[in-house]
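Trainee: I'm new to this one and would like a close look at a single part. Could you walk me through the cysteines and then show me the setting they sit in?

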Amino acid sequence: MTVVMDGKKVAAHLSEEIKNALEVSEAHGIKPKVAFVRIGDLSDSISYENAAVKRFEKLGMDTAQFHFPEDVSTKVFLTKFREINEDYSIHGILLLQPLPKHIPMKRVAEIMNSFKDIDGMKASNLGKVLTNDPDRLEPCTPAAVMNMLDFYDIDLKGKNVTVVGASAVVGKPLSLLMMNREATVTTCNLYTENLVDKCKDADVIVSAAGAINLIDEEHVKEGAIVVDVGINFTDEGKMVGDVNYEAVKDKTSFITPVPGGIGAITTTVLAYHLVKATEHQKEPVLFLEK
């Protein structure tokens with residue numbers, strides 16, 4: 001019988017871990033605080049920020065919001081961003097993306113302290129994913145996938161995994177995280193030839209390519225685990241993933257829905273990363289790292 005993996009249950013479980021950690025921090029006189037930094041007024045960024053602020057505040061964390069106009073100069077923004085980064089009362093930073101073309105992402109990332117990088121955007125944090133460093137802050141969506149699998153006691157050791165999608169923020173780091181769990185990983189993308197052949201023998205399929213119905217019945221073997229990270233919208237405005245859910249569901253042992261799956265965990269993962277970031281910054285030598 002297929003188990004539909006419930007992102008809200010995973011988020012609730014992770015929230016309890018966060019609350020327990022906050023009690024320890026507050027006993028030492030520390031209350032984690034996150035800074036949300038946004039340039040411009042893209043509706044997707046505003047919606048994501050509002051949801052994240054709501055989640056952080058519900059968990060009892062302090063938030064600060066820094067908004068800049070779309071045409072802010074590079075010099076002004078980088079100067080202010082450096083001030084935010086060097087503020088000792090701020091333990092984590094979430095930079096809403098995409099940035100305007102005139103703001104160089106590389107320079108912004110270079111400024112940010114890696115122990116405040118709760119969304120795992122810095123090359124140093126991505127490098128720690130590669131080396132399986134325990135003090136890493138990985139990108140939140142791959143972390144949400146791993147939290148989902150852990151909650152449902154899915155052991156990746158020895159499993160054949162196909163990851164469809166090779167972005168720097170999802171597919172690539174997720175493949176590495178799974179390799180760190182001793183899975184055998186095949187990484188594909190929208191241009192992969194014979195995608196069915198790459199998927200049909202996989203024990204686990206993760207799709208993060210952003211294409212409606214990319215993964216269909218023919219891609220999935222009986223008893224496979226299917227994790228849908230895609231967020232797409234039909235012409236009618238309905239949110240769907242990359243997987244043809246109704247066609248695939250009955251063949252799987254575990255499957256995530258869209259909505260209600262991985263997307264329901266991501267803001268809680270960010271809050272969990274803030275707890276980790278705050279813990280790292282108790283050590284002055286770590287805090288000084290950029």
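Mentor: Sure, let's start with the disulfides: the count here comes to zero. Keep in mind that this is a predicted model, so everything I tell you is computed from it. Take C188, which is in no disulfide. The cysteine sulfur nearest to that of C188 belongs to C199, and it lies 5.7 Å away. A disulfide would need the two sulfur atoms within 2.5 Å, so that pair doesn't make the cut. As for its surroundings, C188 is buried, with a relative accessible area of just 2%. C140 is buried too, and its relative accessible area is 6%. Both values are under the 20% that counts as buried.

Now step back to the whole chain. Of the 290 residues in the protein, 49% count as buried, and C140 and C188 are among them. The protein has eleven helices and eleven strands. Its radius of gyration is 19 Å, close to the 19 Å that the globule rule gives for 290 residues, so the protein is as compact as a globular protein of that length. If you'd like rough dimensions, the C-alpha trace spans about 55 × 45 × 35 Å along its principal axes.

How do distant parts of the sequence meet? Among contacts between residues at least 6 apart in sequence, 70% join residues at least 24 apart. On the outside, the accessible surface comes to about 13,900 Å², and 51% of that belongs to carbon and sulfur atoms. Last, the charges: there are 32 positive and 42 negative ones, and their mean positions are 4 Å apart.

How values were computed
Residues numbered from 1 in each chain as written. Predicted model: local features only at pLDDT ≥ 70, side-chain atom pairs only at ≥ 80, totals over all residues. Heavy atoms only, no water. Helix = DSSP H or I, 4+ residues; strand = E, 2+ residues; numbered from the N terminus. Rg over C-alpha atoms; globule rule 2.2 N^0.38 Å. Buried < 20%, exposed > 50% of the residue type's maximum accessible area, 1.4 Å probe, protein only. Contact = heavy atoms within 4.5 Å. Areas by Shrake-Rupley, 256 points an atom, 1.4 Å probe, with all protein chains shown as cover. Lys, Arg positive; Asp, Glu negative; His and termini not counted. Charge placed at Lys NZ, Arg CZ, Asp CG, Glu CD.
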